[in-house]
Amino acid sequence: MLVPWRKVHSWHCVACGRCCREYRVPLRFYEYLKLRGTGFVEERAGKFYIRKIGGICPFQHGNLCVLQGELKPTACKLYPFNVRRKGDELAEFEYEGEVFYVYVDVSTCPNVVLGKPSFMMRKLVEEAVQIYLGEKRSIDYITARGVGYEGFVKQKRYGKTARVGGARNE
Ligand code: SF4
Ligand code: SF4
């Protein structure tokens, strides 16, 4: 369920990986093209997604995501935020003279606290809009960090065990 950001006091990520297991991740077309070589993406009725394997995202390693920076899909960087061009008054967020509508998914993540938005909540919403616009590729406030795709490939190649501890890492 999505609620307008003005009804959310705070959110933080403890890297439990639950959201990565619950959702099928939509991709922008250029993201689909970037990840096509992995074999873990699919097209359905003109829309693009990460293809789940055995019900889980193939890029999830332990609780961590192996896709870092430019490789991480926008939907993953944004979660649990959902930015739209139309919406309710309570979801309005003005950024550089433009109005966006920002919602928070409260159905999966256990760390969304409803109430009056905190100062940090506003920073998170601003960052979500910047990521949505593609102005910001890295994440300062949303989520933790992990092993990275190169680390993942190395671990696969040399059979090492990954250090885990974060899911929607940048
Ligand atoms: S955002 Fe995802 S990984 Fe982070 S705490 Fe919420 S459900 Fe867990
Ligand atoms: S954050 Fe990474 S592991 Fe989680 S759904 Fe997205 S691509 Fe998969």
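A nonpolar core is a set of buried Ala, Val, Leu, Ile, Met, Phe, Trp, Tyr and Cys residues joined through C-beta atoms within 7 Å; a residue is buried if 20 or more other C-beta atoms lie within 10 Å of its own, with C-beta atoms placed from the backbone.

The model is predicted: local features need pLDDT (the predictor's confidence in each residue, from 0 to 100) of at least 70, side-chain atom pairs count only at pLDDT 80 or more, and totals for chains, interfaces and linings use all residues. Residues are numbered from 1 along each chain as its sequence is written, while chains are lettered from A and ligands numbered from 1 in the order in which they are written.

**Exercise 1.** Describe the largest nonpolar core.

Solution. Step one: this core has 32 residues, and Trp5, Phe81, Val83, Val102, Val125 and Ala128 have the most contacts inside it. Step two: elements giving two or more residues to the core include strand E8 (81–84), strand E10 (98–105) and helix H4 (119–133), where helices (H or I, at least four residues) and strands (E, at least two) are DSSP runs numbered from the N terminus. Step three: H4 supplies the largest share, six residues. Step four: beyond four places in sequence, Phe81 is in contact (C-beta atoms within 7 Å) with Val102, Val104, Val125 and Ala128.

**Exercise 2.** Determine which elements have the lowest and the highest mean pLDDT.

Solution. Step one: the protein averages a pLDDT of 85, and 81% of the residues score at least 70. Step two: helix H5 (residues 148–158) has the lowest mean, 47, and strand E9 (residues 92–95) the highest, 98. Step three: pLDDT stays under 50 over residues 144–170. Where pLDDT is low, the predicted coordinates should not be read in detail.

Conventions: Contact = placed C-beta atoms within 7 Å. Buried ≥ 20, exposed ≤ 12 C-beta atoms within 10 Å, placed from the backbone.
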